[in-house]
Amino acid sequence: MNTPYDGAHVTVLDSNTLKVTLNQWGSWWMYNYHGAKSYENDLFRVEITDVGHEYILHLKAHSKNIAILFQHGDWWSQVNLNRMGEQW
């Protein structure tokens, strides 16, 4: 994040799929000093859909014990996987 007011918001598409979008232009998802790329592991798959600005997170298994957090400025919020739509 570039400024204290930058952040992201999450859109719950279904109980296993989230869209994560940066709130401001000019910021990029980075990994290893490069723009983020799609990847997959045993727990989830990340699909970069708008280079640097947005990605889709596909959870491979829904768990009651999972907590997904996102940042908006100085605040952290927990995603409610049972509530469809945007969460800020």
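## Fold and pockets of an all-strand chain

Read along the sequence, the chain of this predicted model follows the pattern β-β-β-β-β-β-β-β-β-β, with zero helices and 10 strands in total; helices (H or I, at least four residues) and strands (E, at least two) are DSSP runs numbered from the N terminus. The radius of gyration is 13 Å, close to the 12 Å that the globule rule gives for 88 residues, so the chain is as compact as a globular protein of that length; the radius is taken over C-alpha atoms, and the rule is 2.2 Å times the number of residues to the power 0.38. Along its principal axes the C-alpha trace spans about 35 × 25 × 20 Å.

Because the model is predicted, local features need pLDDT of at least 70 and side-chain atom pairs count only at pLDDT 80 or more, while totals for chains, interfaces and linings use all residues. Residues are numbered from 1 along each chain as its sequence is written, and side-chain values use heavy atoms, with hydrogens and water left out.

Buried residues make up 35% of the 88 residues, where buried means under 20% relative accessible area (1.4 Å probe, protein chains only). Among contacts (heavy atoms within 4.5 Å) between residues at least 6 apart in sequence, 45% join residues at least 24 apart.

Two pockets are described here, a pocket being an open set of points on a 1 Å grid over the protein atoms alone where a 1.4 Å probe fits, with protein on both sides within 12 Å along at least five of seven lines; lining residues have an atom within 4 Å of a point. A volume is the space filled by probe spheres set on the points, which are joined across faces, edges and corners.

| Pocket | Volume | Residues closest to the centre |
|---|---|---|
| Largest | about 390 Å³ | Tyr-39, Phe-44, Val-46, Tyr-55, Leu-57 |
| Second largest | about 210 Å³ | Val-20, Trp-29, Tyr-55, Leu-69, Phe-70 |

The largest pocket is lined by 18 residues, and strands E3 (30-31), E4 (34-35), E6 (44-50) and E7 (54-59) each supply at least two of them. By class, this lining has 14 nonpolar, three polar and one charged residues, with Ala, Val, Leu, Ile, Met, Phe, Trp, Tyr, Cys and Pro counted as nonpolar, Asp, Glu, Lys and Arg as charged, and the others, Gly among them, as polar.

The second largest pocket is lined by 13 residues, and the elements giving two or more of them are strands E1 (8-14), E2 (17-22), E7 and E8 (69-72). Strand E8 contributes the largest share of that lining, three residues, and the lining as a whole divides into 12 nonpolar, one polar and no charged residues.

Key. Buried < 20%, exposed > 50% of the residue type's maximum accessible area, 1.4 Å probe, protein only.
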